[in-house]
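Work through these exercises with the sequence and the model open side by side. Try each task before reading its solution.

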Amino acid sequence: MRSESCDIFCNVVDNYGDIGVCWRLARQLANEHGLAVRLWVDDLASFQRLCPDTDAALDVQRCRGVEIRHWTTDFPAIEPASLVIEAFACTLPERYVTAMAVLQRKPVWINLEYLSAEDWVEGCHKLPSPHPRLPLTKYFFFPGFTERTGGLLLERDLLARRDAFQSDAEVQQHYWRSLGVQERIAGELRVSLFGYENEAMEALLGCWEKGAHPLTCLLPEGRSLPQVAAFFGHSTGKAGDIWQRGNLRVHVLPFVEQERYDELLWACDVNFVRGEDSCVRAQWAANPFIWQIYPQHDGVHLAKLEALRARYTAGLLPETVLSVRDLSLAWNGGPDVAGAWAHFAAQGGMLARHGKEWADRLANNNLALNLLDFYRQSE
Ligand code: TRH
């Protein structure tokens with residue numbers, strides 16, 4: 001048996017989702033499954049936000065058991081790995097593809113696709129795509145929510161660490177103190193808010209301000225910050241800022257490294273998330289969540305939004321289903337975010353119980369394990 005190695009290629013288009021997924025997968029394959037992993041990244045500065053231990057000026061470095069390589073146009077002559085992952089159709093360097101083709105034993109070549117809960121994913125998962133000229137076949141690998149998809153990224157010990165955190169009041173108090181957030185007071189709700197610019201932002205903040213109970217909003221620095229700052233009359237804001245209006249208090253947090261973001265999701269009562277990776281992490285956190293989907297110009301993202309909502313709420317009581325649907329739509333361009341928030345908040349207990357069952361169900365379909373099964377069977 002040849003030694004198992006993996007090259008993952010990531011082109012950082014914008015935001016952090018693509019590199020977020022690649023970095024998670026790279027660590028899992030290296031640290032949980034013993035593969036020699038090289039992660040090729042074209043934008044080390046974005047990567048550094050998720051992993052501050054890296055140096056954006058280095059072409060080659062090791063971090064958390066993974067070799068990180070700066071992917072530049074001048075691609076070196078190297079021996080391809082036995083498993084090659086092209087993330088999100090990023091197009092491999094021509095030189096690398098040629099090197100794959102001349103190997104006697106061809107690498108297993110995967111195009112790791114974006115996550116979607118839509119039905120069509122099952123029909124496309126693992127489909128082959130023969131190279132037009134070379135003796136190579138690429139396979140589409142789709143993450144997803146059903147057994148006939150590639151499943152979701154989940155670290156071996158994540159749910160145990162979540163449970164330990166969520167069942168230990170002292171650990172949580174320590175966590176809040178580390179962020180400079182005061183002790184919880186009776187009836188208070190804690191909400192994390194990670195999103196893009198959003199037309200509904202002002203109305204949502206307004207209803208939290210006038211709400212019957214105190215609400216603490218934890219806001220990681222990023223694209224939502226200018227709108228939240230404007231609500232409080234500031235032109236901008238930075239990590240460490242604390243703003244209060246009525247019953248709403250906002251703490252601006254630094255963008256933290258990936259593992260530490262999980263703790264925020266575990267600690268909050270409700271999580272607003274975006275893109276894909278934080279949306280999955282919110283589901284592992286098992287607390288009620290609302291997803292701001294990455295918007296596409298043709299509006300196709302709304303079908304994707306509804307597909308996950310429908311799977312997530314299947315079997316729940318009609319009022320619970322409606323509360324999730326209405327807030328999900330309102331937070332993605334729909335009407336009446338204030339009314340929708342009130343209904344959603346009233347279903348919080350129900351959704352918290354459901355979140356645990358939902359996470360347990362999804363945990364049986366692990367993307368890294370499925371990918372390795374496919375690779376080993378194809379070898
Ligand atoms: O950053 P995103 O908006 O990424 C998006 C989507 O993935 C989208 O599908 C893609 O097409 C587009 O980019 C180009 O949202 P996402 O996917 O949630 O990724 C954010 C990553 O940042 C995730 O891995 C969690 C991480 N993160 C931290 O590491 N620290 C933090 O403090 C926060 C708030 C997030």
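The exercises below concern a predicted model.

**Exercise 1. Domains**

Find the bounds of domain 1 and domain 2 in the protein chain, and state how far apart their C-alpha centres lie.

Solution. Start with the domain assignment. Domain 1 is made of two stretches, 5-153 and 364-378. Domain 2 covers 158-362. Next, take the C-alpha centres of the two domains: they lie 30 Å apart.

**Exercise 2. The domain interface**

Describe the contact between domain 1 and domain 2: how many residues take part on each side, and what area is buried?

Solution. Count residues with heavy atoms within 4.5 Å of the other domain. Domain 1 puts 24 residues into the contact, and domain 2 puts in 25. Then take the area: about 2300 Å² is buried between the two domains. Carbon and sulfur atoms give 48% of that area.

**Exercise 3. Polar links and the domain 1 side**

List the polar links across the interface, then say which helices and residue classes make up the side of domain 1 that touches domain 2.

Solution. Begin with charge pairs. There are 5 salt bridges between domain 1 and domain 2. Now check the pair E259 and R64: these residues form a salt bridge, with the closest N and O atoms 3.0 Å apart. Widen the search to polar contacts, and 17 residue pairs across the interface qualify. Turn to the helices. On the side of domain 1 that touches domain 2, α1 (17-31) and α2 (44-50) each supply at least two residues. The most comes from α1, with 5 residues. Finally, sort this side by class: 11 residues are nonpolar, 6 are polar and 7 are charged.

**Exercise 4. The ligand**

Which residues come nearest to the ligand, and how far are polar side-chain atoms of Y196, D277 and S278 from its oxygen atoms?

Solution. The ligand has 23 residues around it. Those that come nearest are Y196, V256, R274, D277 and S278. Now read the distances to a ligand oxygen atom:

- Y196: a polar side-chain atom at 2.5 Å.
- D277: a side-chain N or O atom at 2.5 Å.
- S278: a polar side-chain atom at 2.6 Å.

**Exercise 5. A long-range pair**

Explain why the salt bridge between R376 and E4 ties together parts that are 372 residues apart in sequence.

Solution. First, the total: the structure holds 29 salt bridges. In one of them, the side chains of R376 and E4 meet at 2.8 Å, N to O. Next, place each partner. R376 sits in helix α15 (residues 367-378), while E4 belongs to the segment before β1 (5-10), so the pair links parts that are 372 residues apart in sequence.

Technical notes
Residues are numbered from 1 along each chain as its sequence is written. This is a predicted model: local features need pLDDT of at least 70, side-chain atom pairs count only at pLDDT 80 or more; totals for chains, interfaces and linings use all residues. Side-chain values use heavy atoms; hydrogens and water are left out. Domain bounds come from an automatic or database domain assignment. Contact means heavy atoms within 4.5 Å. Buried area is the accessible area (1.4 Å probe) that two parts lose on being put together, summed over both. A salt bridge is a side-chain nitrogen of Lys or Arg within 4 Å of a carboxyl oxygen of Asp or Glu. A polar contact is a pair of N or O atoms within 3.5 Å; within protein, one must be able to donate a hydrogen and the other to accept it, and residues adjacent in sequence count only if both atoms are side-chain atoms. Helices (H or I, at least four residues) and strands (E, at least two) are DSSP runs, numbered from the N terminus. Ala, Val, Leu, Ile, Met, Phe, Trp, Tyr, Cys and Pro count as nonpolar, Asp, Glu, Lys and Arg as charged, and the others, Gly among them, as polar. A residue is near a molecule or strand if one of its heavy atoms lies within 4 Å of it.
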